[in-house]
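Thanks, everyone; I would like to use my few minutes on charged side chains and how they pair. Please have the sequence and the structure open while I talk.

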Amino acid sequence: MKKFFIYTAFFSLLIIGGISCKKFLNTEVLGDYPDTQFYKTATQAEQAINAAYQPLNFTSGSQNRLWVFGDIASDDAEKGGDPGDQADIDLIDQFNISPINGNLGNEWGTLYEGISRCNIVLARVPSIDMDKTAQAGILAEARFLRSWYYFTLVNIFGDVPVILEPKNTEELQIPQTAASIIFETVIEPDLLSAAASLPASYGNADLGRATSGAAFALLAKAYLYQNKWDSASASALLVIASAQYGLMPLYSQDFSADYKNNKESVFEVQHLSNQVPSTGNSLNQWFAPRIDGGYGFDAPTQNFVDEFEVTPAGVYDPRLDYTIGRDSMRWFNGEIFSKLWSPTGYLTRKHQQPFSEIPINLKGDASINYTDIRYADVLLWYAEALNELGRGAEAIAPINQVRKRARESYLYDDSLTFYHFDSATSLGTIPTGLLPDLVYTDQVSLRAQIQHERRVEFGFEFHRFFDIIRWGETYATAAMSGVPNFNYANNKHFPIPQSERDTDKALH
């Protein structure tokens, strides 16, 4: 994995920071690096594909604001932080969004930078004289990553320009292509091609690279977002049947630096602390309270907290306290959480680390990864597709796997005895009535249960707003009823940045 980070950081400097090797110092950069100076060796091919992963990360210099669109735009979170701080994020929270909002330009630029790097790999690497299996793998990684960037683009912005090869500035007058066409002509073909050439797994030096399982999982998600239920269920089943993945025994292990790239991880964005240039995770600072050297953003709402099931004895679904900090409950660093630390009374625990792992002077340079696709995702996508196909009785099993893992946290984590009010419960005992298995009754009820299960299972993993929108106007209007100014027709996608319209006059 260290090799992966070294090459990513090195080649990102070439692309982002200008030319950092002496032989490049006097060369003008036009679109991409000249063939005469780069893209000649297997090592350079690997550096190029590693650089294509870089826009995924949340380093201190990153403009990746996926959490703003996935969390804060939803009913799960408010901006948080101090009043007036990051005012453009607050405008998204209030759905008072204009094309000059800086978060739009940042995310647009980040995603198209990723696409550009993938396009360069796909254009230049085929001509390199290198091992053909390694070459095919690199090209497959580029197709996977390009599909991920386009998938994210269309879910944030809707119809966007399609660019599938390196272009110079004067060639970038390109109109939007309908999102439905992008799914069918870019995302799906790229993922099918990638899945055919990617390996099922890697050794430690290459952890974090896209696998065939990641390609099939993202393909299942893409089909699901288009209501292609047969294809979604088939693709998800390929991941399940591969036997490469499973649920971790303890839900909190998925958000711990001690369990990076675990068996539940299908696609995970890598971070390392204390590197030059930085490859650490800045979300550790963005989301932490001021008392811990953070900014307190992405604050959970009461509506989100109320979504979690609770037994008659007052025992909450343990995922609640693994996901958020709430008043009088244990926090990091031996602290007890105070509701005064957040304007909503809550903060997210995910994406944070204690001082024992990341000292306060490295707060914005954490080592925790971001898992974009978990095996629990695949199980619930599979269940959703089955239910929509009228096979709800079959959909119960994967949902119950997710619920079973959640309630069985009490078998492994003695800290949970602090979080509930049933004094008779102890380690090794599942509280009575906690997250019972579901029994199928009808499609409509099960659909609601799947929607509930996704919300509590994946809270603050930057998926909620996109789930709300894809579930349609009726669901979205009800879910967002407490969010100011939200209108499904007007706000299911965000405006294309004004800076892009100023340069690309072909946009309509």
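E461 and K350 are both buried, and I should say at once that we are looking at a predicted model. The side chains of these two residues meet in a salt bridge, with 2.7 Å from N to O. E461 sits in the loop between α15 (443-457) and α16 (464-470), while K350 sits in the loop between β7 (347-348) and β8 (370-374), so this pair ties together parts that are 111 residues apart in sequence.

Salt bridges that share partners join E461 and K350 into one network, whose other members include D254, E264, D317, R319, R374, R405, E453 and E457, and also E309 and R403.

Let me stay with E309 and R403, which form a salt bridge whose closest N and O atoms are 2.8 Å apart. Because E309 lies in the loop between α11 (302-306) and α12 (319-323) and R403 in helix α14 (residues 392-407), this pair ties together parts that are 94 residues apart in sequence. Are the two partners buried or partly exposed? E309 has 24% relative accessibility and therefore counts as partly exposed, whereas R403, at 2% relative accessibility, counts as buried.

As a further example, D206 forms a salt bridge with R209, where the closest N and O atoms are 2.9 Å apart, and both D206 and R209 are buried.

To put these pairs in context, how many salt bridges does the model hold under the distance rule? The count comes to 37 salt bridges.

Technical notes. Residues are numbered from 1 along each chain as its sequence is written. This is a predicted model: local features need pLDDT of at least 70, side-chain atom pairs count only at pLDDT 80 or more; totals for chains, interfaces and linings use all residues. Side-chain values use heavy atoms; hydrogens and water are left out. A salt bridge is a side-chain nitrogen of Lys or Arg within 4 Å of a carboxyl oxygen of Asp or Glu. Buried means under 20% relative accessible area, exposed over 50%, partly exposed in between (1.4 Å probe, protein chains only). Helices (H or I, at least four residues) and strands (E, at least two) are DSSP runs, numbered from the N terminus.
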